[in-house]
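New to this one? Have a look at the sequence and the fold below, and then we'll walk through a few parts of the inside.

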Amino acid sequence: MVRIDLEHHQSGVQRVTHCPADVQRLLADATHVLFDFDGPICSIFAGLPAPTVAAALRDYIGPLGIDLPGHIMSESDPLEILRHAASAGPMVAETVEAGLRGLELQAALRAAPTPHADAAIHQLHTSGRRLAVVSNNSDAAIKVYIDHRDLSGYFAAISARTLFQDPALLKPHVHLIIEAIKRLDAAPSRCVLIGDSVTDIQAAIKAGVPGIGYANTPAKEYSLAEAGAHAVINDMAQLIP
């Protein structure tokens, strides 16, 4: 696991000390690289903000006569709205899933590429590794984005949220990672997952896959390391030798 060595900055924020050698050692052992989508590859809700999407999903639920608890009324994460919808029954779940997929497709066309992500994807593919996307976002939105960025040829598999999939199978559940490993015909120990959330790292650990945490905000550095990331980076360029 990554050493949680902390530096104290004038802001008072504790920062994890990065070790580039740890990253390159993990990649040297990996024949397959699994990328989370929102964060490591792009910011999918950059042009269509997540709170706007979450509000739209609540509007879809409204006509169904379902009372929403306070924490869902203030929730800004669309996936949390979807998880709650699943607990309210199939009709609500299907309504929210259909709405979310449509909004994610719109968002994918406005998504902001993560700096240096395209170059890292190109380099890792050129090195002979097989790549996959493993994401809680919809498979349709991911395909739209990678086609738009001319990246589809780099990925051997996409393991993501499918139409009317049980939200309980999304990360931190291990299901999507196991599916990606099966499609790649890979050994978990020869894979590495790059993710920007604690749930990414938790799912990777459950699957027996080493995890590299991508800390796209300073606050994530410690949480990713504490969650068990084997290394933490704050720039996707750090994946390039």
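## Around Ile177

In this predicted model, let's start with Ile177. Setting aside neighbours within four places in sequence, Ile177 is in contact with Leu34, Val134, Leu193, Ala203, Ala204, Ala207 and Val209.

Ile177 also belongs to a bigger picture: the largest nonpolar core has 70 residues, and Ile177 is one of those with the most contacts inside it. Others on that list include Phe35, Ile41, Tyr145 and Phe155. There's a second core too, separate and made of six residues, with Ile201, Leu224, Ala225 and Ala229 among them. As a rule, nonpolar side chains in soluble globular proteins tend to be buried together.

## Helix α5

Next up is α5, which covers residues 90-110. Its 21 residues should span 30 Å at 1.5 Å a residue, and the end C-alpha atoms are 30 Å apart, so the two agree.

Which residues of α5 are buried? They are Val92, Ala93, Val96, Glu97, Gly99, Leu100, Arg101, Leu103, Glu104, Ala107 and Ala108. The cover over them includes the helices α2, α4 and α7, plus the strands β6 and β7.

## How α4 and α5 pack

One of those covering helices, α4 (78-87), packs against α5 at an angle of about 160°, and the axes are 7 Å apart. Angles over 145 degrees count as roughly antiparallel, so that is how α4 and α5 lie to each other. Their crossing is left-handed.

Where they meet, α4 brings Pro78, Leu79, Ile81, Leu82, Ala85 and Ala86. From α5 come Val92, Ala93, Val96, Glu97 and Leu100.

Definitions and conventions: Residues are numbered from 1 along each chain as its sequence is written. This is a predicted model: local features need pLDDT of at least 70, side-chain atom pairs count only at pLDDT 80 or more; totals for chains, interfaces and linings use all residues. Side-chain values use heavy atoms; hydrogens and water are left out. A nonpolar core is a set of buried Ala, Val, Leu, Ile, Met, Phe, Trp, Tyr and Cys residues joined through side-chain atoms within 4.5 Å. Buried means under 20% relative accessible area, exposed over 50%, partly exposed in between (1.4 Å probe, protein chains only). Contact means heavy atoms within 4.5 Å. Helices (H or I, at least four residues) and strands (E, at least two) are DSSP runs, numbered from the N terminus. The expected span of a helix is 1.5 Å times one less than its number of residues. Axes are lines fitted to C-alpha atoms, for helices over the stretch in contact, and angles run from 0 to 180 degrees between N-to-C directions. Angles under 35 degrees count as roughly parallel, over 145 as roughly antiparallel, 65 to 115 as roughly perpendicular and the rest as oblique. A crossing is left-handed if the near helix is turned anticlockwise from the far one by less than a right angle, and right-handed if clockwise.
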